[in-house]
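Here's a quick walk through the inside of this protein. Have the model open and follow along.

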Amino acid sequence: MKDQIIDQSIQLFESKGFSETSIQDIADALGATKGTFYYYFPSKEQLLMDIHSTYIDELLRKQREILESVGKDCKTKLFEMIGLTIKQIEPNGRRAKIFFREMMNLKEENQAVIKRKRKEFRLNLQKMIEQGMDNGEFRKDLRADMVTFAILGMCNWSYNWFKPNGPVSDQELVELYVDTLLKGISSNQ
């Protein structure tokens, strides 16, 4: 039932927004009572925190696997990290939208926890880019922090428009992003 509450809440939060969705709306959508909701979550805000924590914890776990993989160069790790974010759209697109759109509805102390984890994800990516710069895979004349923000902005915004079942597959989008990052869009190469 907990998973059903989360799944139904994500759908409602996506369509109505967190603030406009009541606990009664969630219970009604499930054909359950508010008591059922409160059995699993003490508040709607705690439900939102659970959605955020589960999402970022899974991304961090998968990112660590990529970073700790042996025998892969930084370009390969970059490809896999971009793939990690884009390939989450089909199975977790709604959760991602809530993650990026509704953080402002978390209590200050919960926001601090999620911000710390987001920062960890960003800094892990930045360190890998710096490593690629140090070993000559990436240009050294760029700022690793700005490149990191550019990559995250590009990937994170994809949740708003990319349709995995559309004319471009998630794999094709990953390849396009990596190719654009590594080669640019200039025809004078």
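Which residues line the largest cavity? The lining is made up of Met81, Ile82, Thr85, Phe121, Leu125, Ile151, Leu152 and Cys155. H5, H7 and H8 are the elements that give two or more residues to this lining.

Before going further, some ground rules: this is a predicted model, where local features need pLDDT of at least 70, side-chain atom pairs count only at pLDDT 80 or more, and totals for chains, interfaces and linings use all residues. Residues are numbered from 1 along each chain as its sequence is written, and side-chain values use heavy atoms, with hydrogens and water left out.

Here is how the two kinds of space compare on paper. On a 1 Å grid over the protein atoms alone, a cavity is a set of points where a 1.4 Å probe fits but cannot get out, while a pocket is an open set with protein on both sides within 12 Å along at least five of seven lines; lining residues have an atom within 4 Å of a point. Grid points are joined across faces, edges and corners, and a volume is the space filled by probe spheres set on the points.

| Space | Volume | Elements giving two or more lining residues |
|---|---|---|
| Largest cavity | about 40 Å³ | H5, H7 and H8 |
| Largest pocket | about 330 Å³ | H5, H7, H8 and H9 |

Among the residues lining the largest pocket are Lys75, Ile129, Glu137, Arg139 and Leu182.

Now for the core. The largest nonpolar core (buried Ala, Val, Leu, Ile, Met, Phe, Trp, Tyr and Cys residues joined through side-chain atoms within 4.5 Å) has 48 residues, and those with the most contacts inside it include Phe13, Ile82, Ile86 and Leu125. H4 (44-68) is one of the helices that each supply at least two core residues, and the largest share, nine residues, comes from H4. Helices here are DSSP runs (H or I, at least four residues), numbered from the N terminus.

Ile86 has contacts (heavy atoms within 4.5 Å) with residues including Cys155, Phe162 and Tyr177, leaving aside its neighbours within four places in sequence.

Finally, two helices. H1 has 15 residues and reaches 21 Å, close to the 21 Å expected; the expected span is 1.5 Å times one less than the number of residues. H6 has 13 residues, but its end C-alpha atoms are only 15 Å apart, short of the 18 Å of a straight helix. H6 also has a kink of about 40°, centred on Arg95, the bend being the angle between axes fitted to the seven residues ending there and the seven starting there. Arg95 is buried (under 20% relative accessible area, 1.4 Å probe, protein chains only).

Note on methods
Buried < 20%, exposed > 50% of the residue type's maximum accessible area, 1.4 Å probe, protein only.
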